[in-house]
Amino acid sequence: MKKIHVVAHTHWDREWYFSDNEAFIQFSYHMDEVIYALENKELDYYYLDGQLSIIDDYLKVYPEKETKIKELVEANKLFIGPWYTQMDEFVVAGESVVKNLQIGIGMSKRLGGHTSLGYLPDSFGQSKDMPKIYNGFGIQDAVFWRGMPNEVTKSREFYWSAEDGSKVLTINIRNGYYAGVALVEGELYQKKAMLDIVSEDSATDIVTLPVGGDQRAVDRDLKKIIQEVNDQFDTEYKIEESNYPHIFNLLREKNAELPTVQGEFMSGSVSKIHRSIYSSRYDLKKFNDTIENRLIFQLEPLMVMADDLGISFKRELLDYIWKLLLKNHAHDSIGGCNTDKTNEMILARYKEADQLSYSTIDYLVRKISESIEGIQKNNLVLFNTLPYRRNDPYIVEVSTKQKNIKLFDEQQNELTIQILSTEKVYGGEVRRSEREYDEAKYYYIHKISFVKETPPLSYVIVALEEYSDSSESSENSNLEQTIIENSDYKIIFSKGHFSVVVKEQGTTYENCLFIEESGDEGDTYDYSPAYHDQIHQLLFDASDVQVQRGAYVSSMTLQGSWHVPKDLQERKAQEKNAVIEYVFTLSLNQESKRIDMKLKINNQALDHRMRLVVRTPVESQVSYADTLFGIVERDNQDPHIHDWRIVGWKEEPTEIYPMMHYSNIHDSATSWTVMSKGIKEYQVIENNMYITLFRGVGFLGRPELLRRPGDASGNQYRYIPTPDSQLLGDLEMELSLVITDTFDPVMIQKEYQTYSVASPYYQVQTLNRFTNPIQYFQSNKVDKLKSLKEFIDLDNSNLVFSALELSQDKRWVNLRLYNPSLIHTVKNEKIILPTEHTVRFVDLKGDTLKGLGKTQEILIGECKPGEIKTISIER
């Protein structure tokens with residue numbers, strides 16, 4: 001006899017085809033009903049979707065309910081957490097996932113405790129790194145629905161493992177988290193059919209049946225219905241109210257031989273997986289990337305440095321900014337599969353998080369700089385918030401009275417500078433007529449580049465002097481054949497085509513960069529080719545070309561326009577009446593392994609997709625991309641790409657894949673990597689890399705897509721127009737290409753980190769009070785700025801730096817590293833500290849795993865493939 005364990009729950013989308021405000025009204029009453037049902041024994045247990053953000057919102061309006069919620073949680077009737085929001089696993093950064101759990105678990109402590117369960121019932125696929133993240137928080141059990149292919153295991157219960165040996169006992173929900181609704185609403189034969197289906201493929205007699213759904217009201221007659229169904233089918237099934245901790249305890253007691261599986265799950269074989277949602281609303285994803293990188297690689301390390309100097313670390317402020325961002329990480333929110341009004345609210349949260357995060361950095365660098373003892377007017381203070389030395393060129397703006405400047409280091413050695421631009425600006429009171437302006441009140445804003453080595457997690461001071469002699473500027477040219485180069489590359493542009501010379505290899509790769517444009521008759525969930533498609537190869541043959549060469553930065557800027565179909569009707573008629581103006585800039589920095597690319601376009605076409613095509617010589621059947629805490633290998637051709645309809649899959653398994661920050665293909669001769677700022681999707685076709693710049697579509701969901709037959713996603717009963725998702729108007733895409741002999745994921749991640757965030761800086765001056773929005777405000781100096789402690793130097797580390805965070809009690813600095821390799825163990829890794837400190841290893845919560853005592857040499861030991869290690873150093 002099968003024992004059916006009914007879990008009463010709700011799945012609460014924060015926002016979707018409705019706004020979070022609209023959903024909150026429903027939840028404010030729903031939560032009251034949950035409390036009533038549990039207190040009055042209408043339900044024994046209730047699971048609140050594993051996320052704290054909805055309770056956070058509720059308690060801000062109804063703080064008096066906190067005591068009641070805590071009582072129910074402590075009584076094991078109401079189950080909450082561990083997440084702050086139900087996030088996506090393929091688009092947000094690994095540290096965002098860690099922060100999501102840290103904040104969710106931290107909030108749940110005051111509410112009676114969290115459910116120790118990796119619960120992500122509706123995420124569009126499962127990242128291979130989740131078991132090790134869960135184990136890092138002491139979580140041993142997991143529940144999910146989407147993405148699991150039948151071919152991996154037939155059992156619904158299994159152990160899911162990661163490369164480092166982490167594993168979680170997992171339940172893969174059959175037919176979705178809403179499967180049990182038929183128990184409440186179905187006819188008798190439907191109830192029986194549902195029980196039969198969910199009982200299939202269960203490795204034991206313990207069957208999990210979630211009863212709930214999207215924003216579903218409390219099923220107050222559940223006990224009565226369970227009794228009626230038990231009376232009908234008591235020879236086959238025994239149904240009882242249950243909860244996930246109890247179910248997992250029973251599974252372990254069974255001690256059954258369960259299979260162990262490993263890897264990511266993004267198959268559309270049993271459920272829609274939306275394998276091209278990674279390119280919906282590119283504009284929002286880029287905003288997210290910008291803020292994530294700023295929080296992880298700039299703001300928190302800078303706040304730790306400031307705290308050392310005597311400027312208090314503001315935990316509440318940092319968490320507030322993170323919560324704004326995490327609300328946007330809900331799987332629909334970050335996916336972009338929402339109505340326009342919902343995306344407007346998501347954009348508003350991004351803007352708030354953006355302004356708060358950059359303003360905190362602006363405030364701290366000014367406060368520190370102006371408080372440094374002996375600081376002089378015009379001194380330029382350069383900050384390095386990464387744990388390794390930065391030797392890449394700084395690009396900064398400085399304001400001076402004189403037109404010409406020089407820079408000097410601490411030993412009064414003159415630094416070579418490159419003037420990128422100079423602008424004359426009026427500093428007096430504005431008037432209607434510029435003829436009234438006083439010439440004496442003008443000053444200059446210079447954009448300059450130079451190199452100044454900056455130690456890890458430190459700052460250096462550069463002296464700026466003004467003078468009146470003339471200076472040389474960068475060379476500008478407009479040539480038929482255009483060339484820029486540095487020590488690694490030579491880029492040649494001629495007659496619309498790019499060739500790249502890789503100097504170390506002595507090889508020239510011709511015609512290796514262009515744009516592909518095609519139709520998209522999909523929706524905000526999925527790309528799908530137009531029924532009457534045209535694919536256009538867009539070259540740069542009508543471009544105006546400008547070149548700027550200098551000691552540190554050389555760039556090539558192409559300006560022109562492309563003609564493409566205006567909409568699906570024009571595409572069908574093979575017309576091209578829409579004009580897309582573009583500016584494409586390639587930049588080479590001194591001694592850089594990167595070819596930086598920036599594409600600005602004015603999109604005036606509807607229902608189409610644009611991709612950067614990188615032609616490579618690589619011979620490989622697989623590609624690679626970074627994941628939450630590692631890399632993944634993926635087939636360039638899915639084995640079911642031709643028979644997916646025959647075998648009954650929900651959507652075509654087009655080899656469109658997510659990338660967190662980069663994608664790569666390599667062979668024994670060469671390695672090609674494309675990094676991006678906010679671009680999240682790639683495909684490899686015949687060894688060429690296709691990077692989705694953006695796609696524009698006009699509906700939340702469409703039915704009968706070529707790639708996804710059947711009902712529309714999102715809302716099956718009506719078309720919901722999303723004109724904003726067409727992304728008309730100005731767009732800016734940033735990418736970088738790295739060509740090397742071999743693929744080194746540690747080097748690539750380090751290169752990405754220096755690419756993703758510029759070093760903060762501050763010029764001590766009063767000429768320009770508008771260098772940032774809060775520069776105008778008066779600020780007091782710190783009475784006595786402490787010395788900045790030397791800390792760590794990861795220049796030679798064989799591990800990837802992931803985060804630097806301050807412990808909750810502010811006694812410890814936690815440094816997180818991981819080994820991105822799929823197969824290689826890093827051995828004998830160690831960190832040398834400037835002085836002795838008490839050191840320990842901690843988990844992702846910050847709890848001690850192992851004490852190392854007082855030491856100057858931190859022996860990290862072996863780090864297995866994919867393993868995460870957090871080193872905690874007492875301050």
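**Entry 1: helices α1 and α3**

I looked up how α1 and α3 lie relative to each other in this predicted model, and I found that helix α1, residues 20-39, packs with helix α3, residues 66-74, at an angle of about 50°. Since that angle falls in none of the ranges for roughly parallel, roughly antiparallel or roughly perpendicular, I noted the two helices as therefore oblique to each other. Their axes are 11 Å apart, and I recorded the crossing of α1 and α3 as left-handed.

I then asked myself which residues make the contact. On the side of α1 I listed M31, I35, L38 and E39, and on the side of α3 I listed K68, I69 and L72. Sorting the residues of this contact by character, I wrote down five nonpolar and two charged, with no polar residue.

**Entry 2: residue T670**

Next I turned to T670, which I located in the loop between strands β33 (662-666) and β34 (671-676). Is T670 buried or exposed? Its relative accessibility is 3%, and because buried means under 20%, I entered T670 as buried.

I also checked the polar contacts of the T670 side chain, and I found one of 3.2 Å to the side chain of Q505 and another of 3.3 Å to the side chain of W672.

Finally, leaving aside residues up to four places away in sequence, I noted what T670 touches: Q505, Y509, P617, V618, I665, I739, T740 and D741. Q505 thus appears in my notes both as a residue touched by T670 and as a partner in a side-chain polar contact with T670.

Notes
Residues are numbered from 1 along each chain as its sequence is written. This is a predicted model: local features need pLDDT of at least 70, side-chain atom pairs count only at pLDDT 80 or more; totals for chains, interfaces and linings use all residues. Side-chain values use heavy atoms; hydrogens and water are left out. Axes are lines fitted to C-alpha atoms, for helices over the stretch in contact, and angles run from 0 to 180 degrees between N-to-C directions. Helices (H or I, at least four residues) and strands (E, at least two) are DSSP runs, numbered from the N terminus. Angles under 35 degrees count as roughly parallel, over 145 as roughly antiparallel, 65 to 115 as roughly perpendicular and the rest as oblique. A crossing is left-handed if the near helix is turned anticlockwise from the far one by less than a right angle, and right-handed if clockwise. Contact means heavy atoms within 4.5 Å. Ala, Val, Leu, Ile, Met, Phe, Trp, Tyr, Cys and Pro count as nonpolar, Asp, Glu, Lys and Arg as charged, and the others, Gly among them, as polar. Buried means under 20% relative accessible area, exposed over 50%, partly exposed in between (1.4 Å probe, protein chains only). A polar contact is a pair of N or O atoms within 3.5 Å; within protein, one must be able to donate a hydrogen and the other to accept it, and residues adjacent in sequence count only if both atoms are side-chain atoms.
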